[in-house]
Amino acid sequence: PLKRPDPRQVKNNRLLIARMLEEDHRFAPLLAHPRNRAALRRLAESADDLEEKPPKNPVDKGCTPC
């Protein structure tokens, strides 16, 4: 069985990765490109999208069990 990741852990991981990419001088050449800078911004913003939203269950669509 697949285990759904904890949304709080996913959020923390995304924020940690975004912060590391932004603060580590070794990534500065990559972030000089606007496309990469925008991707970094989207990564950080995607963490905000995880706020207190229950995971979507693709099976639960309001159908009655067979």
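1. A polar contact is a pair of N or O atoms within 3.5 Å; within protein, one atom must be able to donate a hydrogen and the other to accept it, and residues adjacent in sequence count only if both atoms are side-chain atoms. With that in hand, look at Asp-24 and Arg-26, whose side chains are joined by a polar contact of 2.6 Å.

2. A word on what you are looking at. This is a predicted model, in which local features need pLDDT of at least 70 and side-chain atom pairs count only at pLDDT 80 or more, while totals for chains, interfaces and linings use all residues. Residues are numbered from 1 along each chain as its sequence is written, and side-chain values use heavy atoms, with hydrogens and water left out.

3. Now the overall plan. The protein chain has three helices and zero strands, so the pattern along the sequence reads α-α-α, where helices (H or I, at least four residues) and strands (E, at least two) are DSSP runs numbered from the N terminus.

4. Next, the surface. About 6200 Å² of the protein chain is exposed, and carbon and sulfur atoms supply 58% of that area (Shrake-Rupley method with a 1.4 Å probe; for residues, only the protein chains shown count as cover). Of the 66 residues, 12% count as buried, meaning under 20% relative accessible area, whereas exposed is over 50% and partly exposed is in between (1.4 Å probe, protein chains only).

5. Back to Asp-24, which sits in the loop between α1 (7-23) and α2 (28-31). Is Asp-24 buried or exposed? Asp-24 counts as buried because its relative accessibility is 15%.

6. Phe-27 also belongs to the loop between α1 and α2. Its relative accessibility is 24%, so Phe-27 counts as partly exposed. If you leave aside neighbours within four places in sequence, Phe-27 is in contact (heavy atoms within 4.5 Å) with Met-20 and Leu-21.

7. How do two helices pack together? They are described by the angle between their axes and the distance between the axes. Here, α1 and helix α3 (residues 34-48) pack at an angle of about 150 degrees, with axes 8 Å apart. Axes are lines fitted to C-alpha atoms, for helices over the stretch in contact, and angles run from 0 to 180 degrees between N-to-C directions. That angle makes α1 roughly antiparallel to α3 (under 35 degrees is roughly parallel, over 145 roughly antiparallel, 65 to 115 roughly perpendicular and the rest oblique). Residues making the contact include Leu-15, Ala-18 and Leu-21 of α1, along with Leu-40, Leu-43 and Ala-44 of α3.

8. Finally, follow Leu-50, found in the segment after α3. Leu-50 is partly exposed because its relative accessible area is 23%. Although Leu-50 and Pro-7 are 43 residues apart along the chain, their C-alpha atoms are separated by 6.2 Å. Not counting residues up to four places away in sequence, Leu-50 touches Pro-7, Val-10, Lys-11 and Arg-14.

9. One of those partners, Val-10, lies in helix α1 and, at 21% relative accessibility, counts as partly exposed. With the same sequence neighbours set aside, Val-10 touches Pro-5 and Leu-50. The C-alpha atoms of Val-10 and Ala-47 are separated by 7.6 Å, with their positions 37 residues apart along the chain.
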